[in-house]
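User: I'd like to learn how to read a few features of a structure, one at a time. Could you walk me through them?

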Amino acid sequence: MSRKADLMPGTLDMMILKTLTRGPLHGYAIAQSIRQMSDEVLTVEEGSLYPALQRLLLEAWVKAEWKRTPSNRRVRVYTLTTTGRKQLGVELSRFEQMVVAIGRVMRDVEVEG
Amino acid sequence: MSAAGRWMNRLLFLFRRSRFEAELREEMEFHREQIEEELRSDGTAGPEAHRRAAVQFGNPTRLRERSHDVVAFRWETVVQDVRYAVRQMTHSPGFAITAILMLALGIGASVTIFAFVDAALLQPLPYAQPDRLMDVTESLALFPRGNLSYQDYLDWKRLNTVFTSLEVYTGSGYLLQTPEGTEAVPGVRVSAGFFRTLGVTPVEGRDFRPGEDAVSEPPVGLLSYATWQKRFGGRRDVIGRTLKLSGVPTTIVGVLPPDFQFAPRGTAEFFTTAQPTNGCEKRRSCHNLYGIGRLKDGVTVATALAEMKGIAQQLERQYPDSNRGQSASVMPLARAITGDVRPILFVLLGGAALLLLIACVNVSNLLLVRAEKRRQEMAVRGALGASRVRLARQYVTEGLVLVLVGTAAGIAVATVMMRVLHAMISKQMLAGMPYLQGMGLTSHVWGFTVTVALLAAGLFSIAPILRLPMAALRQSLSDGGRSGGSTFWRRLGANLVIVEVAIAVVLLSGAGLLSKSLWKMLHIDLGFESDHIATLSVDLPERGFEKDTQRAQFAQALLDRIQSLPGVQSVGLTTTLPVSCNCNTDWVRFVGKPYNGIHNEVNNREVSAAFFQTLRAKLVRGRLFTQSDDATHPKVVLVNESLAKKYFPGEDPIGKKIGDTELTPNSLREIVGVVSDIKDSALDAEEWPAEYEAFAQDPSSYFSVLVRTSPKPESMLPALSAAVRALNPEVGVEDQTTLEQRIHDSPSAWLHRSAAWLMGGFAGIALLLSMIGLYGTISYSVSQRKREIGVRMALGAQRATIHNMILREAGRLSCFGIVAGVGCSIAAANLMGSLLFGVRAWDIATLAAVVVLLAAASLLACYLPSRRAATVNPVEALRAE
């Protein structure tokens, strides 16, 4: 079993929002998308998507509706809302600041090492 | 999104809850199936794909719960926890009932006592801004709160700058002619601004006008609401009517509000203006009033006291004859009114708090033991996905449910106890404590109850949560709860038992000391035989009794009439009954002794010839009064031994003369005898020097008759009242009782008795609870050590050895508890100081008795578990592993 990379707190919400910018998706598709786009590095415990999705729904950053798949199965499809798109912007800039900051710290360590 | 929006969403969720659950389940299931399908298409075998899909998806129960937590209100899951908690309690009813009973007792006792404290100390005065009202009186070395003289009052009122108003009152009684005959009714004489100062407005009619208390004004009066209803049927036309109060025509001008109360004279029916008509109020040396002042804004009690003392000093210089040593006292009115019940209430509140503590410690101990037993359950729940917070919350919920039920039961207990205790207070005492009418579940009491309940709930949740280290989960699972608690937790339980035993010792020794005080007080040498004596008080009206001879004749006729009744052995009278107070004092001077102007204050009573024989008091020297000691003969006086010792040390007082401070010739009286001390003061007060004058030589219009009877004295009371009425129907008769009853009901006896009984009750419960705690801890320890005991026995230990081992463990706990308790009790007894009578705080006998009692009780509590330990079957104990 491959070791799961721990996510930084709050990044899961951000990644879901980012994934949804490509269009409405159901939960499994969101998980797959995150896995593929990260080259299988980020294999989160996929179920933890669902508490996160509930949170996003509660904040009205996404909305959900039930649809039928081609194989005629009921799935819940999540769509990004306007406020959700704004929120993504907020989270992205915060995330980039953090990455830059962490990057600086780590470079220092490397030089000394 | 706004908080309100989120809240709305959560609210909506409540109604769609089952749909939410189903949809989430469906969605998750779809997801898991998709993973499984993907794995299978990659070539993973069926069951393996299923397993790996589950791993990749995660624990669905926990995820659903987490999703749930996101959208639901917190209490959604709380309801689940509560349901589970209640189920837990019904599963082990023994535990639940024990815990709830203990809590009910602890909370019930403390809430009850707090209700008394609230009524008596927190809200005793139903007046406007009661904390600005001050009790203002004169003060002497002997009387820290003495009466105020009218002349001094006038000067105080004029000179002070600290009070917006300064008023006076004094207790009074009136003879009222009713259809049933003459009745003596209690009243109060007040200065005109009295009610304005209190902030009380009459509900009918008007208040006294300023200046209406001058001698030149016609006498007016106010009715208490109860009197208005009872005597005048609540009719409005009573306003303006003129009544004869003790023969004085008095116009009723108003009715006081129904909730008005005046504790210094709780039963007062009439309030009249204090016109300085009597002789006392014309003399600066005569003190008969109490003052009430309202402090000006920003003035402190200390400032007011300092100023009043300054004024008193000024008057002392101005009037050295009458005012030497007369200082001033200013204290909050509430304190003056509740002064005598304060110490007892504080002690009882302390006792109740300790009882509550013991109950809480006991319940925590039970919870600890249970948490120990539930480690496995918690480990399983943790493994199934319950988060640590969720498990902790379960304990918090269980604690809350327990406390909720316990508090509800406690309030029920308190409601009953309040009624019972209130009913146990004698009418006479109750009249002096009208503030107790407001006792009950007031907002203060509810606040107290909620605080206590929350503290208890906190304690009960923390205790088991401490026992919830997640790291130990796996170990708990694997050992299956067999080897049980670590020594640390067993020790915590044991230490709690030590605390309990110590508290029980404190309460028991407190109760012991109070009981011993009560016993000593009730068995002090009264100096007379109090059994078989009936008493009643007689109040002569002014009309027909203006002259001394008229009063003396009436008294003599009454004594003769009563003496002739069947069953009467002897009869005497006095102006102040024994066991009343160091009051009705006189300032005296002795002929031939140096006098430096300092007051020689002695108790002064006028008694009839047969007074001492009736009481069976002892004559030490000289003679008693005879029938010939009347107005036609030279004045004579008897003194008690205290007076003889204090003023005639090493001398024979017989033949010496006593007079007033000026030695006025007609005040001089010759000492003809010395009697042994009769308890004139309250039971717990120091005996003062006393002089007894012959009633016939100075007859007053108010006196008490004492009758020694052959049959039970109660049975003679109607005949005695009838005798007075037969002689003159206009004479008032009151306070018919027996001397023993009077002593029994006297405030000091009552206070000490209630303190002793209540503390005894608390101590009894505390003893029981601490023994239950000890029993529980030792039992638990034995059940945990079963395997060890089995091994010991398998290795050849004797049953007696095991028995002793357990008893030693228990003995150690109770020893520590007792030693700590004895130390604490001595400290606690010092705090009870004023309630102890004739007993020292470190009374060895009491402490020894408590130690023996507790040791015996502990032995009993440990006997059963240690016997169980000794009868452990080693084979079974070891096989159980």
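User: Let's start with strand pairing. How many bridges join strand S5 to strand S8 in chain B, and do they run parallel or antiparallel?

Analyst: Keep in mind that this is a predicted model. To read a pairing, look at the bridges and at the sense in which the strands run. Strand S5 (residues 204–205) and strand S8 (residues 248–255) of chain B are joined by 2 bridges and run antiparallel. To find your place, take B:Gly205, which sits opposite B:Gly254 in S8(B).

User: What about strand S6 and S8(B): in which sense do they pair?

Analyst: Parallel: S6 (residues 220–223) of chain B pairs with S8(B) over 4 bridges. There, B:Val220 has B:Thr251 of S8(B) as its bridge partner.

User: And which strand makes a hairpin with S8(B)?

Analyst: That's S7(B), with 2 residues between the two strands. S7 (residues 242–245) is antiparallel to S8(B), and 4 bridges hold the pairing. B:Lys244 is matched with B:Pro249 in S8(B). Check the turn as well: B:Ser246 has a positive phi of about 50°.

User: On to the interface. How do I get a feel for the area buried between chain B and chain A?

Analyst: The size of an interface is often given as the accessible area lost when the parts come together. Here that comes to about 2500 Å² between chain B and chain A, with carbon and sulfur atoms giving 55%. On the chain B side, B:Glu27, B:Phe30 and B:His31 lose the most area to chain A, together 25% of what that side buries. In terms of contacts, 26 residues of chain B meet 28 residues of chain A.

User: How many residue pairs are in polar contact between chain B and chain A, and which helix of chain B gives the most residues to that side?

Analyst: There are 12 residue pairs in polar contact between the two chains, counting pairs with both residues at pLDDT 80 or more. Helices H1 (3–15), H2 (17–41), H3 (46–57) and H4 (60–71) of chain B each supply at least two residues to the side touching chain A. H2(B) gives the most, with 12 residues. By type, that side of chain B divides into 11 nonpolar, 7 polar and 8 charged residues.

User: Can we zoom in on one residue there? Is B:His31 buried or exposed?

Analyst: B:His31 is buried, with a relative accessible area of 0%. It belongs to helix H2 of chain B. Its side chain makes a polar contact of 2.7 Å with the side chain of A:Tyr50. Setting aside residues up to four places away in sequence, B:His31 touches A:Gly27, A:Tyr28, A:Ala31, A:Glu46, A:Leu49, A:Tyr50 and B:Phe57.

User: Now salt bridges. What is the general idea, and how many are there between chain B and chain A?

Analyst: Side chains of opposite charge can pair when their charged atoms come close. Between chain B and chain A the count is 5, and over all chains the structure holds 42. One of the interchain cases is B:Glu38 with A:Arg35, at 3.5 Å from N to O. Within chain B, a network of salt bridges links B:Glu29, B:Arg32, B:Glu36 and B:Arg40.

User: Which parts of chain B does the salt bridge between B:Asp135 and B:Arg145 tie together?

Analyst: The closest N and O atoms of that pair are 2.8 Å apart. B:Asp135 is in strand S1 (residues 133–139), while B:Arg145 is in the loop between S1 and strand S2 (148–149), so the bridge ties together parts 10 residues apart in sequence. Look at burial too: B:Asp135 is buried at 0% relative accessible area, whereas B:Arg145 is partly exposed at 28%.

User: And B:Arg785 with B:Glu809: are they buried or exposed?

Analyst: Both are buried. Their side chains meet in a salt bridge of 2.8 Å, N to O. B:Arg785 lies in the loop between helix H25 (747–784) and helix H26 (786–794) of chain B, and B:Glu809 lies in helix H27 (residues 799–832), so the pair ties together parts 24 residues apart in sequence.

User: One last residue: what does B:Glu734 touch?

Analyst: Beyond its neighbours within four places in sequence, B:Glu734 is in contact with B:Ala184, B:Leu536, B:Ser537 and B:Tyr702. With B:Tyr702, there is a side-chain polar contact of 3.1 Å. B:Glu734 lies in strand S23 (residues 732–738) of chain B and is buried, with a relative accessible area of 18%.

Key
Residues are numbered from 1 along each chain as its sequence is written. Chains are lettered from A and ligands numbered from 1 in the order in which they are written. This is a predicted model: local features need pLDDT of at least 70, side-chain atom pairs count only at pLDDT 80 or more; totals for chains, interfaces and linings use all residues. Side-chain values use heavy atoms; hydrogens and water are left out. Contact means heavy atoms within 4.5 Å. Buried area is the accessible area (1.4 Å probe) that two parts lose on being put together, summed over both. A salt bridge is a side-chain nitrogen of Lys or Arg within 4 Å of a carboxyl oxygen of Asp or Glu. A polar contact is a pair of N or O atoms within 3.5 Å; within protein, one must be able to donate a hydrogen and the other to accept it, and residues adjacent in sequence count only if both atoms are side-chain atoms. Ala, Val, Leu, Ile, Met, Phe, Trp, Tyr, Cys and Pro count as nonpolar, Asp, Glu, Lys and Arg as charged, and the others, Gly among them, as polar. Buried means under 20% relative accessible area, exposed over 50%, partly exposed in between (1.4 Å probe, protein chains only). Two strands pair if DSSP finds at least two bridges between them.
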